Every structure is written in structure tokens, then in C-alpha cells.
Amino acid sequence: MSQPLLSIQNLNVAIERIPILRDVCMDVPKGSMVGLIGRNGAGKTTLMRSIMGLMQVEARKMEVAGENLLKVAAHGRASRGISYLPEDRRLIPSLTVEENVLLPAWANNIPDAAKRLEWIYSLMPEVREFRERRALQLSGGQQKLVALARALMPGRTLLLLDEPFEGVAPVLSRRLTEVIATLRKEGMSIILSESDDAHSADLVDHVFRIERGVVTAG
Ligand code: ATP
């Protein structure tokens, strides 16, 4: 088998000495989309934050494209094309949509930001349409699209989508599904978390289940 894009072995995370993730092992093949399914509090966000370098972790291995991520600072993710759509979106309400999307480009000095922005707009023409609006003027579902657009500015190889469908009305959910399916076709590797299989069932190649911090395949 070819080398997985992301390979995690025996990842353990504790918060205030309480184990939250236990011996997590997970491989994500290049260009595939995997589901991470588990109910609230199971540890999905903690696993994504660990991959993003935002948690103190212990692991036998955490590699992306063969590189040891345990030695890369959180801010080093962007230049490696690794990006995260947090569950709570975290847009800056007073900035315009376009400014929010461009923020990672300013923060990380992305050289081809203009070209990237054009590609993002072609993928999500509705985001182009409301690019001048302030983020606070958008519905929750529209804000998810913008947060996905922002994640795509640095996200070229590995995208972590934390419950992207949570709280999104059906019409926008369908739209989000289309966009995410397109990203997969473009060869991106994606981890998509959800509390059940409702939206991801048709999208993903493999499923991992997470229950009380323990991940199982299948
Ligand atoms: P949700 O959809 O509710 O966010 P999740 O599967 O993403 O669920 P996590 O947010 O990773 O779950 O939380 C996993 C466990 O870790 C939960 O029991 C939660 O209470 C605990 N936890 C997370 N962050 C903290 C923290 N800062 N302090 C204490 N416990 C925490």
C-alpha cells in the first residue's frame, strides 16, 4: 500500500489529567475522505485540534506526507497545506467576507493568495456574491460556507472539517455537500466529523468511529 497522507499511531491526549483521546491510530490515504463519527463529547474536536498542533499530545507517530508533525509548530500547518474548519466557525464578525477569507493569507504570507481566492470563488460563487458583506450579516449556514472558503486558502492537502453540517439548514447542507464532494475530486484528503452518518454516508470512503476517546475503523 502506498504511504498514507496522514498517519497517526498511539495518540494520547489528556486534559487536566483526564484522558480524552486514548491510543488513537488512524491512517488517511492520499486523496481520500474519511468520516469521523461520534456523539457529542466523544473527542472529535480534540482529535482535530491535536492534528492542528493545538493540544499537548503524546504519540508514537503523527506524520503528514512522511513528515513528523510532532515537531512542527501549530503555525507551520498552513505552509504544509493543512487546514481546519472549526465547528464554531470563528469568523471575525466586523470584517467583510473577503477579508475573513484572506486572513490566513495575510497571517501566513501565502504568495498566490489572489489566484487561490479566484479558485475559491469559482468553487463557491455565492461567497463571491456576498464578499463585501460583513460576516455578522450572514446566516449561520452562509457563515459555514465562508469558514470553509477561509479554510481553503491554506488548505491544499489535508482539510479537517469539524461538524460542517451542524446547525445548517437543508438547502445549504446540500450545497456544502456538493462543495466538499468537489474538493475530494480535486485530490484533497479530508477528515469530516459528524455526530451520526446523516450527511457523510454518501461522501466518505472510510469511516472511523470515536467513542469516549477510542477510535475504531469501520
Ligand atoms: P462536541 O461535538 O460536543 O464538540 P466532540 O466529539 O468534538 O464533541 P470534544 O470537544 O473533543 O468532543 O470533547 C471530548 C471530551 O473532552 C469531552 O468530554 C469534553 O468535556 C472534554 N473536554 C474538551 N475540552 C475540554 C477542556 N478545555 N477542559 C475540560 N474538558 C474538556
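**Ligand shell and sheet: group meeting talk**

Start with asparagine 40: one of its polar side-chain atoms sits 3.3 Å from an oxygen atom of the ligand. Keep in mind that this is a predicted model.

Two more polar contacts. Glutamate 163 brings a side-chain N or O atom to 2.7 Å from a ligand oxygen. Alanine 42 uses its backbone instead, with a polar atom 3.2 Å from an oxygen of the ligand. How much of the ligand does the protein cover? On its own, the ligand has 620 Å² of accessible area, and 57% of that is covered by the protein.

Now the full shell. Around the ligand we find Ile15, Ile20, Arg39, Asn40, Gly41, Ala42, Gly43, Lys44, Thr45, Thr46, Glu87 and Glu163. By class, that is three nonpolar, five polar and four charged residues. Which element gives the largest share? Helix H1, with three residues.

So much for the ligand. Where does H1 sit? Helix H1 spans residues 44-51 and lies across E1, E2 and E4. Its direction makes about 115° with E1.

Next, the sheet. It is open, with four strands in the order E2-E1-E4-E5, and the pairing is antiparallel. Why do E2 and E5 each have one side without a neighbour in the sheet? Strand E2 (18-28) and strand E5 (67-68) are at the edges, and each has a single partner strand, so one side stays unpaired.

Last, one pair inside that sheet. Strand E1, residues 6-15, joins strand E4, residues 61-64, through four antiparallel bridges. There, isoleucine 8 faces methionine 62 of E4.

Conventions. Residues numbered from 1 in each chain as written. Predicted model: local features only at pLDDT ≥ 70, side-chain atom pairs only at ≥ 80, totals over all residues. Heavy atoms only, no water. Pairing = 2+ DSSP bridges. Helix = DSSP H or I, 4+ residues; strand = E, 2+ residues; numbered from the N terminus. Contact = heavy atoms within 4.5 Å. Axes fitted to C-alpha atoms, helices over the stretch in contact; angles between N-to-C directions. Near = heavy atom within 4 Å. Polar contact = N/O pair within 3.5 Å; in protein donor to acceptor, adjacent residues only side chain to side chain. Areas by Shrake-Rupley, 256 points an atom, 1.4 Å probe, with all protein chains shown as cover. Nonpolar A, V, L, I, M, F, W, Y, C, P; charged D, E, K, R; others polar.
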